[in-house]
Amino acid sequence: MLKFSAGLLFIFLFVTFPTIAQLLDSTALSNKTIYTLEEALLFPEQVYKLSLKKTKPEQFPDLQQFKNLQWLCLSRNKLTEIPEQVFYQMNLQYLDLSKNKIDLIPKEIGNLINIKQLYLHQNNIASLPPQISQLINLELIDLWDNEISVLPDEIKALKNLKRLDLRNIQINDNEQKKISSLLPETKIFFSPACNCKY
């Protein structure tokens, strides 16, 4: 039977299981530098915040190299879907996918359990998956100017949600009341209710 010394066991565990970056609080994260792609590739270990705004998707780097990544902007890239590798970034606290052409939020969004701010405005999103309920740390979700008409009942699990922006979306009065009842502690921004049926 093999016997491991304490030192060997530590080395085995360290090599076998990747280190998990420490999550920064809001103040510490806000004080970090926002890196562009070129800068980030030079100093991957220093990257907490990465902007790939207006970057061609085929030029996106492997995000796994940024072990401390907690803030990511993918705005204005003409994306039609969310890149799969985003869903492996378990430490993301801020994700901006605004001003793209995304029409589907897949169930894998539920992997991002540390997300606090999620910007999806100005896309073509028609619905949210039930797995949105897994984002228990979510404080803000911006869905302004999408195609959503109803939200899943599971959204009521978002007990930390402080702000939900649903402006410039046609939602009838009954659905607006339902959403408000599901999220009684959340500040919700609606446009005037439409006289529409779904």
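Patches are made of residues with over 30% relative accessible area and no salt bridge, with like charges joined within 9 Å and nonpolar side chains (Val, Leu, Ile, Met, Phe, Trp, Tyr) within 5 Å. A salt bridge, in turn, is a side-chain nitrogen of Lys or Arg within 4 Å of a carboxyl oxygen of Asp or Glu. Lys and Arg count as positive and Asp and Glu as negative, while His and the chain ends are left uncounted; the place of a charge is taken as NZ of Lys, CZ of Arg, CG of Asp or CD of Glu. With these terms in hand, a patch of positive charge can be picked out on the surface, where Lys53, Lys54, Arg76 and Lys99 gather.

The model is predicted, and local features need pLDDT of at least 70, side-chain atom pairs count only at pLDDT 80 or more, and totals for chains, interfaces and linings use all residues. Residues are numbered from 1 along each chain as its sequence is written, and side-chain values use heavy atoms, with hydrogens and water left out.

The chain as a whole offers a helpful starting view. Its secondary structure comes to four helices and eight strands (DSSP runs numbered from the N terminus, with helices being H or I of at least four residues and strands E of at least two). Read from the N terminus, the elements follow the order α-α-β-α-β-β-β-β-β-β-α-β. Of the 198 residues, 44% count as buried, a term for under 20% relative accessible area, with exposed meaning over 50% and partly exposed in between (1.4 Å probe, protein chains only). The accessible surface comes to about 11,600 Å², and carbon and sulfur atoms supply 54% of this surface; areas come from the Shrake-Rupley method with a 1.4 Å probe, and for residues only the protein chains shown count as cover.

Returning to the patch, lysine 54 sits in the loop between strand E2 (49–51) and strand E3 (71–73). Lysine 54 counts as exposed because its relative accessibility is 64%. Its phi is positive, about 55°, although the residue is not a glycine. Threonine 55 also belongs to the loop between E2 and E3, but threonine 55 is buried, because its relative accessible area is 12%. Leaving aside residues up to four places away in sequence, threonine 55 touches Leu37, Phe60 and Asn77, where contact means heavy atoms within 4.5 Å.

Another patch member, lysine 99, is placed in the loop between strand E4 (94–96) and strand E5 (117–119). Lysine 99 has a positive phi of about 60° without being a glycine. With 32% relative accessibility, lysine 99 counts as partly exposed.
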